[in-house]
Amino acid sequence: MIQKWYRGHEGSRHALDNFGIIWLSADPEYAQAYADEYPDGVVSTVWVDMDKLNYFDNWNDNNFDVYDPDMRLVREYMEEGGNCYTFPVEDGIDVLALVSKEPVIKVERKIVENM
């Protein structure tokens, strides 16, 4: 199943540029808050093949901070075959944290409501 997600980012960068984790939001307004942190911020729509996601088994790991994960733990989960994790934020909005670009099908630098 293909699902759309949103990423707020600096306009001079590609939506998939990252420093270890690609943070995506299920809500475009939540992503806009991140875009607003940059003078040239934009919101990109990122289409993800949900069938290619291999979620980390981190829910019982008290040492795993979803907001600021220890990259050593991230590498351990990746070695076990994981490529992402999710968590809810305000108002039940889901965040998808990708550690691999492989599940990404397409990126558009504007919000598109229909594929």
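This short presentation covers the nonpolar cores, the largest pocket, helix H1 and one residue of strand E5.

Good morning, colleagues. Please keep in mind throughout that this is a predicted model.

I begin with the cores. In soluble globular proteins, nonpolar side chains tend to be buried together. Here, the largest nonpolar core holds 15 residues, and those that touch the most other members are Phe56, Phe64, Tyr85, Phe87 and Val89. Three elements give two or more residues to this core: helix H2, spanning 71–79, strand E4, spanning 84–88, and strand E5, spanning 94–98. The largest share comes from H2, with 3 residues. A second, separate core has 12 residues, among them Leu16, Leu24, Val46 and Val104.

Let me return to Phe87. Which residues are in contact with Phe87, once its neighbours within four places in sequence are left aside? They are Trp23, Trp59, Val66, Tyr67, Ile93, Asp94 and Val95.

I turn now to the largest pocket. About 570 Å³ of space lies in it. Its lining consists of 26 residues, and nearest the pocket centre are Arg7, Gly8, Ile21, Trp23 and Tyr34. By class, the lining divides into 15 nonpolar, 5 polar and 6 charged residues. Strand E1 (2–9), strand E2 (22–25) and helix H1 (28–35) each supply at least two lining residues. Of the elements, E1 gives the most, with 4 residues.

Helix H1 deserves a closer look. Its buried residues are Tyr30, Ala31 and Ala35. These cover an arc of only 150 degrees around the axis, and therefore lie on the same side of H1. What do the buried residues of H1 pack against? The partners are E1, E2, strand E3 (42–49) and E5. Thus E1 and E2 appear twice in this account: each supplies residues to the pocket lining, and each is packed against by buried residues of H1.

My last item is Ala97, which lies in strand E5. Is this residue buried or exposed? Ala97 is buried, because its relative accessible area is 0%, and the cut-off for burial is under 20%. Not counting residues up to four places away in sequence, Ala97 touches Ile21, Ile22, Trp23, Asn83, Cys84 and Tyr85. Two of these names have come up before: Trp23 is among the residues nearest the pocket centre, and Tyr85 is among those with the most contacts to other members of the largest core. As for distance, Ala97 and Asn62 are 35 residues apart in sequence, and their C-alpha atoms are 18 Å apart in space.

Thank you for your attention.

Note on methods
Residues are numbered from 1 along each chain as its sequence is written. This is a predicted model: local features need pLDDT of at least 70, side-chain atom pairs count only at pLDDT 80 or more; totals for chains, interfaces and linings use all residues. Side-chain values use heavy atoms; hydrogens and water are left out. A nonpolar core is a set of buried Ala, Val, Leu, Ile, Met, Phe, Trp, Tyr and Cys residues joined through side-chain atoms within 4.5 Å. Buried means under 20% relative accessible area, exposed over 50%, partly exposed in between (1.4 Å probe, protein chains only). Contact means heavy atoms within 4.5 Å. On a 1 Å grid over the protein atoms alone, a cavity is a set of points where a 1.4 Å probe fits but cannot get out, and a pocket is an open set with protein on both sides within 12 Å along at least five of seven lines; lining residues have an atom within 4 Å of a point. Grid points are joined across faces, edges and corners, and a volume is the space filled by probe spheres set on the points. Ala, Val, Leu, Ile, Met, Phe, Trp, Tyr, Cys and Pro count as nonpolar, Asp, Glu, Lys and Arg as charged, and the others, Gly among them, as polar. The arc is that of the directions from the helix axis to the C-beta atoms.
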